[in-house]
Amino acid sequence: MANSRVYPEAKLTNKQSETTAWKDFLALIKIGIVNSNLITVFTGIWLAIVFTDVKFLEQIDTVLYTLIGSGLIIAGSCVLNNFIDRDIDPLMERTKARPTVTGKVKPVRVAVLGFGFLLIGTLFLLLTTITATVIALVGAFSYVVIYTMWSKRRLVSNTVIGSFSGAVPPLIGWAAIDPGLHVMAWSLFLIMFVWQPPHFYSLAIRRVEEYRAAGIPMLPVVKGFEVTKKHTYIWIVALFPLPFLLYQIGIPFLILGTLLNIGWVITGIRASKKQDEYKWATAMFIYSIQYLTVLFVSMVVFTLF
């Protein structure tokens, strides 16, 4: 009878351990960032296929190599970001449970995993085009070195600098099909670049005290909430003309893109009436995620008809 009680508990512990290990892995690679970026990678792939008159099924191997390769490079970059930031992550509520902070994973293993993903991802992308591979590696270098290691801890403009790497994924997707990089590819890059400051400014307002404690010079830490909100609206307004660079997708897309931009401004104005900076930032943050998903998915949907 004693043994019958021990074994179920042991199995439960092992299962819980496996679940925790998987969650730690997903936290290391920042699965949310990987997934959202793969949406923009695929959009770049899809639009390149549509507007260069290439057959999707004939390029299915390239599509898979691109998604796998770019996904691994993005994941590897995020892992290295965790490795580098392990000294400041304990100071922030949203990052203090990361396995690099809790000690569940040794730093050397984190570094090996990060560089390993970068290497394997590069090999996959080399099966597509050199242009796509170079763009991906430039994006990884920009995120890991220029943003994480340099500007993040030194410059109030770190968010804008970091936006470059976040805007690269759709370029990777397009370049894997068409290394010539049509103007539409650069339009996707611009949309992603301009979208990121208002997205991350709202996050920075929500976590301002954490960034302050960690010594990260985010805009609301250095300049305050009002200046940050003004910058947020300026970047959103800068998004207004960008859907028109993709006029070839069609009028319905232009209408949707414009409505999404107007909706973002209205969301901010309505949230401001509550006179609660946290609620304003939360509303803007949630809208920014929905905005990106709807906009990029719609690019694919509207080209299907």
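In this predicted model, helix α6 is the main contributor to the second largest pocket, giving 5 residues to its lining. Two other helices join in: α3 and α5 (107–125), like α6, each supply at least two lining residues. The space inside comes to about 160 Å³. As for who lines it, the list runs through Leu80, Phe83 and Ile84, then Phe115 and Leu118, and finally Leu137, Ala140, Phe141, Val144 and Val145. Sorted by class, that makes 10 nonpolar residues, with no polar and no charged ones in the lining.

The largest pocket has a volume of about 1200 Å³. Its lining takes in 48 residues, and those closest to the pocket centre are Lys30, Ile33, Asn37, Tyr143 and Phe200. Plenty of helices take part here: α1 (2–29), α2 (31–51), α3 (60–84), α6 (130–150), α7 (158–166), α8 (169–177), α9 (183–206) and α14 (277–302) each put two or more residues into the lining. The top contributor this time is α2, with 7 residues. The chemistry of this lining is mixed, with 26 nonpolar residues, 16 polar and 6 charged. So much for the lining of the second largest pocket by comparison: there, the polar and charged classes are empty.

Helix α2 is also where threonine 43 sits. This threonine is pretty well hidden, because its relative accessible area is just 1%, and anything under 20% counts as buried. What does threonine 43 touch, leaving aside its neighbours within four places in sequence? The contacts are Phe296, Met299 and Val300. By numbering, those three partners fall within α14 (277–302), one of the helices that, along with α2, give two or more residues to the lining of the largest pocket.

Another helix on that list, α7 (158–166), has a buried set of its own. Asn158, Thr159, Gly162, Ser163, Ser165 and Gly166 are the buried residues in α7. They span an arc of only 155° around the helix axis, so they end up on the same side of α7. As for what lies against them, the buried residues of α7 pack against α2, α6, α8 and α9. Those four packing partners also turn up among the helices that give two or more residues to the largest pocket's lining. Of these, α2 gives the most to that lining, while α6 gives the most to the lining of the second largest pocket.

Conventions. Residues numbered from 1 in each chain as written. Predicted model: local features only at pLDDT ≥ 70, side-chain atom pairs only at ≥ 80, totals over all residues. Heavy atoms only, no water. 1 Å grid on protein atoms, 1.4 Å probe; cavity = no way out; pocket = protein on both sides within 12 Å on 5 of 7 lines; lining within 4 Å. Points joined across faces, edges and corners; volume = space filled by probe spheres on them. Nonpolar A, V, L, I, M, F, W, Y, C, P; charged D, E, K, R; others polar. Buried < 20%, exposed > 50% of the residue type's maximum accessible area, 1.4 Å probe, protein only. Arc of directions from axis to C-beta. Contact = heavy atoms within 4.5 Å.
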